[in-house]
Amino acid sequence: MRQLLTEIRIAGFGGQGVILAAAVIGKAAALFEGGYATMTQSFGPEARGGSSSAQVILSSEPILYPYVAHPDVLVVMSQEAATRFAPELKPGGILITERELVRVDNYPPGVRVYGVPATRLAEELGRKVVLNIVMTGFFGAITGLLEAESLRRAVADSVPPAMQKLNLQAFEKGYEYGSNLMLQMGANGNGNGDPVLALESA
Amino acid sequence: MHADPKGVLTGVHFLDGDHACCEGTLAAGARFSAGYPITPSTEVVERFASRIPTVGGIFIQMEDELAASIAIQGAVWGGAKAFTVTSGPGFSLMMEHLGYAAMTETPCVFVNVQRGGPSTGLPTLPAQADMMQARWGSHGDYGIIALCPNSPQECFDLTVTAFNLAEEFRVPVMMMLDECVGHMTEKVVIPEAERIQVTPRRYTKRQPADFRLYEPLADQVPDMVRAGEGYRFHVTGLTHDDRGYPSMNVETQDRHVRRLQDKLKPLANGRALSETENLEDAEVVVVSYGITSRVAQRALQLARQQGIRAGKFRLISAWPFPEARIAELAGRVKAFVVPELNLGQMVHEVARAAAGKAKVMPVTHAGGGVHPPETILNAIVEAVR
Amino acid sequence: MNETTLEVPYEIPVDAHNPVEPFLRMDRMPHIWCPGCGIGTTVNCFTRALLDSKADLDKVAIVSGIGCTGRVAGYASLDSFHTTHGRAIPFATGLKLANPELQVVVYSGDGDLFAIGGNHFIHAARRNMDLKVICVNNLTYAMTGGQTAPTTPSHVISATSPYGVFEPAFNLVALAEAAGASYVARWTTYHVKQLARSMEEVLKKKGFCFIEVLSPCPTLYQRRNKMGDGLDTMKFYKQASKVRHGAPTSECALTKSGEIVVGKFVDRDRPGYFELLNAQMTETLGERYAEPEVVCGNC
Ligand SMILES: Cc1ncc(C[n+]2csc(CCOP(=O)(O)OP(=O)(O)O)c2C)c(N)n1
Ligand code: SF4
Ligand SMILES: [Mg+2]
């Protein structure tokens with residue numbers, strides 16, 4: 001675990017696997033990297049009507065306060081989620097979007113935005129349902145918060161055996177897309193291609 | 001005795017408090033659960049319903065909470081370890097059978113995942129407003145045990161403890177979760193079965209002819225039997241004598257009801273479960289439990305950073321209330337700060353135990369979320385002023 | 001309660017024992033029931049049924065709710081449970097599921113089983129839970145002083161209906177049949193032989209079985225309605241009853257002084273709770289299914 005305390009929110013439609021994506025990230029940290037992770041999810045009226053949202057806090061120390069108000073990282077898979085949650089991001093935070101479903105323009109200063117056509121990549125694998133894991137792979141490459149190997153183990157640990165191969169492929173698709181994007185941005189930007197660390201909240 | 005490996009899901013898991021609680025019931029040896037769906041507690045029995053057919057046991061969804069809370073007691077007298085699960089409105093319906101379990105000394109576990117009330121209130125949001133109901137909700141005088149986990153790991157660990165205490169003291173034990181702890185997902189380590197201590201039922205070794213169902217032993221708790229073994233015993237919710245026969249007079253009532261409370265004394269004193277920190281030099285002590293204890297911990301860190309000598313007293317067993325410990329602290333601290341997700345419940349117990357020797361400051365919250373740590377911090381600052 | 005003096009036509013030896021004594025907790029006698037009350041008669045029939053069925057009494061448990069009838073559990077020399085008002089059936093459900101080798105009998109009053117406990121009754125019948133439910137129907141809440149019950153017929157005077165009952169009453173046998181009971185019968189305390197035989201029959205039958213026993217409460221019901229004493233009620237039962245086995249239960253509603261249809265109305269075989277559970281789980285889980293072993297083996 002490299003981060004002191006990072007707050008992450010993942011949001012989208014019900015059925016997109018928002019909670020599973022959050023659980024994979026939490027597991028990777030807590031089960032495979034010796035860190036701490038606390039996941040909470042929105043229940044009740046705000047979780048009805050098709051929207052779904054989960055929060056994960058990662059830390060190298062025990063986590064006390066379990067809720068997230070201003071995340072360091074926001075992953076959105078629907079326009080509704082983007083519109084609602086992007087303004088709450090911490091200034092300088094990271095916004096990760098499903099590029100073809102979401103358009104964002106209202107977010108705090110200094111936020112870096114990264115998009116991935118996760119639905120299309122998932123469809124290339126023949127199963128749109130794994131878009132959440134494509135997003136998770138992309139998240140891994142962009143944030144560099146967790147080792148790719150921990151995330152892979154967490155994916156394998158979170159899906160039924162028959163679905164493992166497909167989900168791991170989905171993870172690689174997203175991870176690869178993210179790594180390439182970072183290289184390109186590195187080449188065009190600061191030139192070193194290092195992953196972006198969301199450390200501001202420490 | 002150690003746990004039956006059949007029910008123990010040894011390993012490292014990423015579970016929410018409700019699911020971890022379910023694993024705790026299985027590890028403790030519970031093979032019977034009766035419930036009625038209610039948010040935010042249903043996940044406990046949903047998992048039980050999915051796990052129990054491969055472990056070997058029964059989950060039955062009853063027609064209401066009255067049925068669920070008495071069906072488990074039938075199962076206990078049939079020889080099972082059993083529990084029910086509910087939240088707010090269902091907990092209210094279970095009160096009569098909480099009393100029945102206390103009166104008949106039926107060891108069983110009630111899991112209450114607290115949500116905002118009164119009435120239907122806030123079905124999906126946390127509160128800690130059933131603490132007094134857990135203690136006093138059924139009519140008459142009796143004692144119960146209530147445990148307050150503050151993490152999924154503790155939801156597992158303390159559920160095993162709850163079953164063990166239920167057997168040892170023959171009382172209903174309440175697992176007082178709150179929505180936040182119940183729905184929070186974290187790492188949960190489930191040890192190997194050999195490393196989980198399970199208290200067996202205190203079955204009598206006596207023959208039917210010289211066994212009396214309610215004859216207390218040295219620890220004030222009577223031994224038990226189960227149906228079908230030839231004891232031909234009688235259990236009643238009426239005031240009863242040592243034989244278990246109705247005996248409705250002042251003497252029997254006095255002896256019986258006093259014993260129902262007195263047998264729990266060890267837990268009010270030496271054996272109370274708590275977590276303390278920095279009490280040696282404390283001038284203010286934050287008394288908290290459940291999810292609020294985590295928020296309070298954050299406030300305590302901030303207070304110490306400001307140089308305030310603040311200590312922590314976390315109630316793990318909230319009932320019986322650890323009166324002696326609080327009374328002792330009251331003699332040497334300036335104040336107690338008591339944050340809870342209610343408008344003031346356990347704070348009354350703290351005040352009672354402090355008996356005017358220290359200031360007692362409630363930090364109330366009507367439920368639906370948790371305190372911002374700063375609110376608790378402000379109370380700490382205020383307390384030492 | 002009116003005193004009824006019965007002439008004893010023969011001498012009773014001082015050391016005489018009633019053959020039902022082994023079935024009763026003699027150390028709890030005398031019982032609390034009034035002279036002329038029908039509850040004791042039903043208990044007599046029950047002990048007779050236990051005797052005749054040759055049941056292993058260590059494996060028979062009796063569960064009662066609250067009421068005059070609810071006291072039956074306390075007098076039976078069996079594993080016995082006097083639970084809370086209305087909840088005998090769900091308690092019995094837990095007991096039976098935990099320990100299926102027990103024969104579980106529920107013995108309670110009409111108010112207990114059909115007012116406060118009505119919901120549990122229909123659900124246990126729906127599940128075809130293997131319980132033998134005996135309802136002593138005295139058409140009133142006796143224990144609390146003779147208030148209106150859901151069984152009290154129209155025009156009857158009760159403590160809470162001083163000007164006469166006007167709400168329609170339940171027809172218990174029709175209710176039981178509709179909810180799914182495997183066995184449904186009705187007798188009165190006049191029909192001691194038939195009642196004992198019915199009780200014996202249900203002790204041998206699987207599934208949810210229901211016997212309604214019409215029984216006098218001379219102290220409260222009969223007195224308040226000027227229907228005489230226990231003996232007068234026997235005469236009434238004798239004269240008004242008509243045995244009609246297999247009668248459609250919908251035609252068996254009771255009225256204040258009309259015909260009382262008695263007999264066995266339903267005797268059918270439906271799969272029980274455990275059969276259905278095992279079948280469904282085996283179908284879904286195959287080899288992975290572990291049949292319930294609820295009784296804590298090593299503790
Ligand atoms: C929860 C609760 N409500 C009310 C009562 C009071 N109560 C005791 S017995 C009874 C009615 C009993 O009627 P029934 O079941 O017909 O029995 P009977 O006395 O007629 O045999 C009532 C209302 C109680 N004990 N518990
Ligand atoms: S009050 Fe009625 S039912 Fe109760 S014992 Fe007396 S006669 Fe029987
Ligand atoms: Mg009655």
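Begin by selecting strand 3 and strand 4 (residues 131-137) of chain C, which run parallel and are joined by 6 bridges. As you look, keep in mind that this is a predicted model. To fix one point of that pairing in view, label C:V105, which stands opposite C:K132 in strand 4 of chain C.

Next, add strand 1 (residues 60-64) of chain C to the selection, since strand 1 and strand 3 of chain C also pair in the parallel sense, here over 4 bridges. C:V105 is again a useful marker, for C:I62 stands opposite C:V105 in strand 3 of chain C.

Now stay with strand 3 and ask how many of the residues of strand 3 (residues 103-109) of chain C are buried. The count is 7 of the 7 residues, so strand 3 of chain C is largely enclosed by the rest of the structure. In a regular strand the side chains alternate between the two faces of the sheet. If you colour the two sides of strand 3 of chain C separately, you will have C:Q103, C:V105, C:Y107 and C:G109 on one side and C:V104, C:V106 and C:S108 on the other, with both faces covered and all of these residues buried.

From here, move to the place where chain C touches chain B, and select the 50 residues from chain C and the 51 residues from chain B that take part in the contact. Between them, chain C and chain B bury about 4,000 Å², of which 58% is on carbon and sulfur atoms.

Within this interface, 23 residue pairs are found in polar contact, both residues of each pair being at pLDDT 80 or more. On the side of chain C that touches chain B, the elements giving two or more residues are helix 2 (72-75), strand 2 (79-82), helix 3 (88-98), helix 5 (118-127) and helix 10 (273-285) of chain C. Select helix 3 of chain C among these, because with 7 residues helix 3 gives the most to that side. If you colour that side of chain C by residue class, its residues divide into 24 nonpolar, 14 polar and 12 charged.

For the charged pairs, the count between chain C and chain B is 3 salt bridges. One of them to display is the salt bridge in which the side chains of C:D27 and B:R243 meet, at 3.7 Å from N to O.

Finish with strand 10 (residues 234-236) of chain B, which pairs with strand 2 of chain C in the parallel sense over 3 bridges. Label B:H234 there, and its bridge partner in strand 2 of chain C, which is C:S80.

Key. Residues are numbered from 1 along each chain as its sequence is written. Chains are lettered from A and ligands numbered from 1 in the order in which they are written. This is a predicted model: local features need pLDDT of at least 70, side-chain atom pairs count only at pLDDT 80 or more; totals for chains, interfaces and linings use all residues. Side-chain values use heavy atoms; hydrogens and water are left out. Contact means heavy atoms within 4.5 Å. Buried area is the accessible area (1.4 Å probe) that two parts lose on being put together, summed over both. A salt bridge is a side-chain nitrogen of Lys or Arg within 4 Å of a carboxyl oxygen of Asp or Glu. A polar contact is a pair of N or O atoms within 3.5 Å; within protein, one must be able to donate a hydrogen and the other to accept it, and residues adjacent in sequence count only if both atoms are side-chain atoms. Ala, Val, Leu, Ile, Met, Phe, Trp, Tyr, Cys and Pro count as nonpolar, Asp, Glu, Lys and Arg as charged, and the others, Gly among them, as polar. Two strands pair if DSSP finds at least two bridges between them. Buried means under 20% relative accessible area, exposed over 50%, partly exposed in between (1.4 Å probe, protein chains only).
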